[in-house]
Amino acid sequence: MNDLAAHGFAYTDGDVDTNTTANPTLNGMIEQRYSRRAALRSGAAAASAAVFGGTVLAGCDSSASSSDPFPNIVSVGSSGNSKSGRAVTLNAAATDNGAITSAWVQTAGPTVTLINPTSTAPSFVAPSVDERKTLRFEYRATDTAGQVAVQSVEVVVDVAELGFASIAKNRNDVVTVPAGYSVSVLTRLGDPIAAGVPAYKNDGTDTDFANRVGDHGDALYWYGLSATGTRDDNSSVRGLIVQNHENLNVQYLHPAGPTAPGGARPEGEALKEIEAHGVSVVEVVEGAGRAWTYVQNSAFNRRVTPNTPVVFNGPVRGSALLRTPYSNDGTAGRGTINNCANGHTLWGTNLTCEENWAGYFRRSGDDAQRTAREITALRRYGVSSSSGGYGWGSVTASDPANTLFRRWDARATAGGSATTDWRNEPNQFGWVVEIDPYDKSKAPRKRTALGRMGHEGAWFGNAVPGKKLAVYLGDDARGEYFYKFVSNATWTAADAQASDRLAMGDKYLDAGTLYVARFNADGSGRWIPLVFGQVPNRPAVGADPEYVFADQADILTHARLAADAVGATRMDRPEWTATNPVSGEIYLTLTNNNASLRPITGTDAANPRHYNDVKGSSNQYGNPNGHILRLREANADPASMVFAWDIYLFGADSADSNSDVNISGLTAANDFSSPDGLWFSRPTNAGGQVKPLLWIQTDDGAFTDRTNNQMLVAMPGTVWDGTTVTITNRGSGGTTATQATRRGALATDATLRRFLVGPVGCEITGVDTTPDGRTLFVGIQHPGEDGTPTAPDSSWPATQATGSAPAGTRPRSAVVVITKNDGGVIGL
């Protein structure tokens with residue numbers, strides 16, 4: 001809840017703003033950093049045993065007997081099968097009249113890393129295989145006289161499958177995960193990330209958010225660090241978590257909520273709110289017992305806030321559309337805001353994306369000072385009559401030269417211009433922003449070639465040397481579009497390790513073509529270029545006159561208008577995309593839509609449903625549960641102009657929907673609503689190989705009478721693995737209509753399970769693992785968002801350890817760490 005409404009200010013973060021073992025256990029042995037471990041990957045003869053689930057079977061090829069002067073190997077063997085990604089413990093017992101030295105080596109099969117290979121009980125994670133494979137290990141027992149006994153064992157590894165039981169839906173105020181997994185809290189709103197910054201009191205009196213973790217943590221990504229503090233893409237024990245901070249639970253940031261005496265916001269309150277937005281870079285490390293902590297005084301820690309200097313790159317740099325009193329030449333700006341989803345580059349930088357930025361600006365009563373073109377563009381992007389969200393533009397700064405607050409008042413003044421008032425400040429937002437997490441001295445760069453919209457994220461397709469790079473972009477508002485940027489430059493693999501990382505962004509992200517998608521009814525689609533001279537003028541719509549594009553900078557700044565003009569397919573709120581690292585297919589979440597923007601007469605094959613999902617006594621017509629679409633580029637070419645598509649999964653309430661709504665055959669073990677976050681496991685571990693795991697996160701209001709928001713794990717097939725179906729849509733008043741579409745293969749318990757349920761009032765957003773796949777990071781955003789300072793409706797994360805917290809404890813967005821108790825790959 002937001003007390004600012006009482007003062008005439010209002011901000012809603014959503015689409016409406018922008019669119020009218022005595023032997024050590026494996027866990028114990030793996031707790032040391034990989035960089036410090038002794039590992040034997042291949043070698044000569046030895047003897048061995050394998051223990052799976054406590055079973056020890058007989059070994060083979062013994063070279064000694066109890067009567068020999070050699071060490072006597074007492075027990076060796078193998079329990080039989082394991083699965084890719086699961087933990088395996090080898091075990092051997094040997095006796096002698098003196099000390100024995102143990103050594104293990106792998107002699108056959110896909111290579112694995114043995115942990116503690118000189119102990120009697122080393123361990124490893126079963127490798128990824130595309131068919132059943134046999135691994136052979138040998139154990140060598142050496143006595144003090146140098147005499148050796150050897151035995152060998154075979155371990156059979158099968159293809160990966162989901163390795164946990166689906167958890168039940170619930171409305172508990174904790175993060176719930178399957179049996180065999182553990183959860184801990186890593187970083188939270190307000191945690192200090194600079195030396196000397198005091199601990200967070202969580203009572204509304206805290207300040208200095210430029211040196212604290214921000215609010216509403218959203219998308220996140222792991223960037224590895226070596227022991228010496230350099231970039232290390234393979235590190236799984238030390239790294240940087242880069243996380244977006246999308247918005248605020250503003251009621252909890254102040255002692256009794258926000259105030260606006262005399263209709264103006266206090267400077268201190270507004271500064272706190274501004275600084276709590278943006279991006280954080282925080283160093284985290286794994287310690288003993290797999291306990292993860294963040295490093296408060298790390299030299300890498302950094303906040304990028306709406307006040308941080310940034311530069312513009314690409315075709316819009318220097319355009320008159322970007323000129324402001326801060327940057328008379330339109331090349332620079334300040335900060336980033338409403339950072340929702342993200343992306344990451346192959347050269348080690350982070351892409352943060354500005355989503356619902358329009359609602360932060362005050363603008364009304366200045367139409368007489370605007371051109372018709374300006375008014376059309378502002379209206380199309382949601383910067384129409386507004387009190388300015390949090391009211392930052394109402395602040396009277398103590399220093400008259402301070403324009404950090406005035407810039408949020410975008411009203412054009414009589415006799416003014418772009419360089420004397422802040423009429424163009426909204427044009428400075430809505431971009432993809434590239435940040436080098438390893439170098440805080442470099443200013444973030446806004447990549448204008450990727451277009452301006454309500455960016456949900458920016459995710460690369462699979463990179464192929466010698467081919468162009470593709471970046472996929474959702475515009476998160478109901479009825480908006482799905483885009484693709486294709487670089488002019490072709491990919492050179494050596495650029496992945498370039499020392500000047502932002503220069504690689506200049507090479508691949510500043511020149512190229514922006515396309516928008518049109519989905520055809522037959523399961524095909526086409527990318528339409530948004531290029532000046534090829535895009536017609538946007539026709540008149542309602543009160544808006546025809547919009548005539550002036551140049552390419554105009555098209556990129558107003559990509560929504562250009563997409564309107566070429567007749568792209570309006571989607572049911574396009575959010576995250578994810579690229580299957582094996583097949584290269586692209587997945588897109590379409591979170592939901594309402595009856596106004598997806599009426600029963602306005603469905604299409606790619607957005608095929610109109611129905612009612614009753615919540616309590618309220619009807620929810622439209623597509624309240626959303627769906628996940630996927631596409632395959634022709635010839636697996638990122639620059640292809642055509643693609644094939646189907647709908648991978650339809651969200652639905654399995655208990656209260658028919659086959660025209662629950663089209664994917666969901667059950668109580670895997671039903672969901674409003675898919676949002678989407679991510680494939682990294683290809684550096686078994687979770688992202690052969691048949692990669694797809695992680696699905698929800699941001700839902702339609703299904704919260706059944707459960708808090710959740711995260712599921714899937715093992716998807718491929719485009720067109722299902723069939724064509726015709727569904728009957730049902731509208732209010734009993735109206736019906738049919739719509740044909742392409743459905744992917746039905747969901748089963750083997751292919752889709754619920755892995756996590758979050759606390760009360762939260763959104764699950766942001767997910768990544770360490771490269772080894774054994775540590776999972778998940779963002780929990782805005783728990784208790786509907787509470788008040790005196791009556792919070794969640795106290796998480798204080799509730800995580802015991803399930804309860806002192807009355808009145810304020811909730812905080814946070815990142816949790818999830819590990820598998822046996823040390824295996826998460827999800828398998």
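In the predicted model, G382 adopts a positive phi of about 85° just after helix α4. Helix α4 spans residues 372–380, and its buried residues are I375, T376, A377, L378 and R380. The cover over these buried residues includes strand β20 (362–363) and helix α7 (559–566).

Positive phi values also occur at residues other than glycine. R290 has a positive phi of about 60° although it is not a glycine. This residue, R290, is located in the loop that links β13 (278–286) to β14 (292–294). R290 counts as buried because its relative accessibility is 6%, the cut-off for burial being under 20%. A positive phi, here of about 40°, is likewise found at H782, which is not a glycine. H782 belongs to the loop between β43 and β44. With a relative accessibility of 6%, H782 is therefore classed as buried. The loop between β43 (775–781) and β44 (814–820) also contains P797. The peptide bond that joins W796 and P797 is cis, with omega about 10°.

An open sheet is formed by 4 strands in the order β3-β9-β8-β6, and its pairing is mixed. Strands β3 (81–83) and β6 stand at the edges with a single partner strand each, so one side of each has no neighbour in the sheet. From one strand to the next, the twist averages 35°. In a regular strand, side chains alternate between the two faces of the sheet.

The individual pairings can be followed across the sheet from β3. Strands β3 and β9 run parallel and are joined by 3 bridges. In this pairing, N81 stands opposite V156 of β9. Strand β9 (residues 148–158) is in turn joined to β8 by 10 bridges, and these two strands run antiparallel. L135 is placed opposite V155 in β9. Strands β8 and β9 form a hairpin with 4 residues between them. Within the turn of this hairpin, G146 has a positive phi of about 85°. At the other side of the order, β6 (residues 100–108) pairs with β8 (residues 133–143) in the antiparallel sense over 8 bridges. The bridge partner of I100 in β8 is D143.

T142 is one of the residues of strand β8. Its relative accessible area is 18%, and T142 is therefore buried, given that burial requires a value under 20%. The C-alpha atoms of T142 and T101 are separated by 5.0 Å, although the two residues are 41 residues apart along the chain. When neighbours within four places in sequence are left aside, T142 is in contact with P71, A99, I100, T101, Q147 and V148. I100, one of these contacts, is the residue bridged to D143.

Two further buried residues, D653 and R754, were examined through their contacts. D653 lies in the loop between β35 (642–650) and β36 (675–680). Because its relative accessibility is 5%, D653 counts as buried. The side chain of D653 reaches the backbone nitrogen of A655 at 3.0 Å. Not counting residues up to four places away in sequence, D653 touches D613, N625, D671, F703 and R706.

R754 is situated in strand β41 (residues 752–757). Its relative accessibility is 0%, so R754 counts as buried. The side chains of R754 and D671 are joined by a polar contact of 2.8 Å. Beyond its neighbours within four places in sequence, R754 is in contact with F164, S166, I167, A168 and K169. Its contacts also include A668, A669, N670 and D671, as well as Q710, M711 and L712. D671 thus appears among the contacts of D653 and among those of R754.

Conventions. Residues are numbered from 1 along each chain as its sequence is written. This is a predicted model: local features need pLDDT of at least 70, side-chain atom pairs count only at pLDDT 80 or more; totals for chains, interfaces and linings use all residues. Side-chain values use heavy atoms; hydrogens and water are left out. Buried means under 20% relative accessible area, exposed over 50%, partly exposed in between (1.4 Å probe, protein chains only). Contact means heavy atoms within 4.5 Å. Two strands pair if DSSP finds at least two bridges between them. Axes are lines fitted to C-alpha atoms, for helices over the stretch in contact, and angles run from 0 to 180 degrees between N-to-C directions. A polar contact is a pair of N or O atoms within 3.5 Å; within protein, one must be able to donate a hydrogen and the other to accept it, and residues adjacent in sequence count only if both atoms are side-chain atoms.
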